[in-house]
Amino acid sequence: MNLKHLEYFRLLAEVKHYTLAAEQLSIAQPSLTYAISELEKELGVYLFERNGRNIRLTKYGNIFLEYVDKSLNTLEDGRRTLDDLVSPTKGKIDLSFIYTLGSKFVPVMVKNFLSQKNYQDISFSFSQGTTQSLIEGLKSDKYDLALCSFVEEEKEIDFIPLFKQELVLVVPSNHPLAEFTSIDLKEAEPYPFVSFNKKSGLRDIMNQLFREAQIRPNIACEVEEDSAAIGLVSMNYGIALMPNIWMLKHFDVKVLTINNPLYERIIYMASLKNQYVRPVVHLFKDFASL
């Protein structure tokens, strides 16, 4: 079944006049008459009948028009979707990021990106999770990009370093360590820790620092995201080793600089290697990595 013939049929059903339809289609009227005749032969029914100087749809033509409309509209939706996928100035970016970046870093970065000239037709969908879950989402094509920690042995993933996050020790405001502004991590050993779980990219970093400080930490509980850790610390449930994020200012906690061992966490932009990347995703990658 010829797609052009279906388009001719839909327009003719709308204007109900061969000459007018042919003019709008920029084709000769005999060509339109032939196309409709071929379509009717293929279907085995008459689609139009004379109505004075005009024509009108037959019972079968009305039934067929409903399906032609659905089919052509679906194809048009598909074309628009593909246009968005290859357009350099419009489309949607599926961006995922670890919890520590959700309160300020990502909103500010996206706002700055969308303020650029000709980027107003680009939209985002946002997802949060642990580094492990974000990497899994990249592999399953759920996300275009992920802002997360580096993961060893992930040969399918390209990691681009973006910025460094300072790690600090967070204690309740009335804690014995709250009188200090900086600390050797070894001094925190007697106190229970609120730890991140094994899915978090912070867990390996914490374990590394504990080893360097020769600490055998007393883990009071494990959490997945930062706000839970801060909330538990503020309620005297334990102390926490975590990034120095903006959210800490809004809780009743004291933030201590760690002077030994020294460590800065690097945040990466992760994406799948050897995969087609849409132009709008390229734009955002270039913007974020400047």
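**Notebook: ring contacts, charge pairs and a cavity**

Entry 1. I began with Lys-70, and I noted that its charged end sits over the ring of Tyr-67, 5.7 Å from the ring centre. I reminded myself that I am working with a predicted model.

Entry 2. I then looked up the aromatic pairs and found a count of 14. One of them is formed by Phe-124 and Phe-284, which meet edge-to-face, with 5.2 Å from centre to centre and 70° between the planes. I placed Phe-124 in strand β4 (residues 121–129) and Phe-284 in helix α9 (residues 279–288), so this pair ties together parts that are 160 residues apart in sequence. I also asked myself whether Phe-124 is buried or exposed. Phe-124 counts as buried because its relative accessibility is 14%, under the 20% limit, and Phe-284, at 0%, counts as buried as well. Both rings belong to one aromatic cluster, whose members are Phe-97, Phe-113, Tyr-119, Phe-124, Phe-126, Phe-284 and Phe-287.

Entry 3. Next I turned to charges, keeping in mind that side chains of opposite charge can pair when their charged atoms come close. A search of the whole structure gave me 14 salt bridges. In one of them the side chains of Arg-80 and Glu-76 meet at 3.5 Å, N to O. I found both residues in helix α4 (residues 59–86), 4 residues apart, which is about one turn of the helix. Arg-80 counts as partly exposed at 41% relative accessibility, and Glu-76 counts as partly exposed at 29%.

Entry 4. I followed Lys-139 to Glu-154, a salt bridge in which the closest N and O atoms are 2.7 Å apart. Lys-139 lies in helix α6 (residues 131–139) and Glu-154 in the loop between β5 (145–148) and β6 (157–172), so the pair ties together parts that are 15 residues apart in sequence.

Entry 5. I noted another salt bridge between Glu-222 and Arg-203, with 3.0 Å between the closest N and O atoms. This pair links distant parts of the chain, since Glu-222 is in strand β9 (residues 218–223) and Arg-203 in helix α7 (residues 201–212), 19 residues apart. Glu-222 counts as partly exposed at 43% relative accessibility, whereas Arg-203 is buried at 12%.

Entry 6. Last, I looked for enclosed space, and the count came to 1 cavity of 30 Å³ or more. About 70 Å³ of space lies in the largest cavity. Of the 14 residues that line it, I recorded Ile-98, Tyr-99, Ser-200, Leu-202 and Glu-224 as the closest to its centre. The lining divides into 4 nonpolar, 6 polar and 4 charged residues.

Methods
Residues numbered from 1 in each chain as written. Predicted model: local features only at pLDDT ≥ 70, side-chain atom pairs only at ≥ 80, totals over all residues. Heavy atoms only, no water. 1 Å grid on protein atoms, 1.4 Å probe; cavity = no way out; pocket = protein on both sides within 12 Å on 5 of 7 lines; lining within 4 Å. Points joined across faces, edges and corners; volume = space filled by probe spheres on them. Nonpolar A, V, L, I, M, F, W, Y, C, P; charged D, E, K, R; others polar. Phe/Tyr/Trp six-rings, centres within 6.5 Å; stacked < 30°, edge-to-face > 60°. Helix = DSSP H or I, 4+ residues; strand = E, 2+ residues; numbered from the N terminus. Buried < 20%, exposed > 50% of the residue type's maximum accessible area, 1.4 Å probe, protein only. Lys NZ or Arg CZ within 6 Å of the ring centre and 35° of its normal. Salt bridge = Lys/Arg side-chain N within 4 Å of Asp/Glu carboxyl O.
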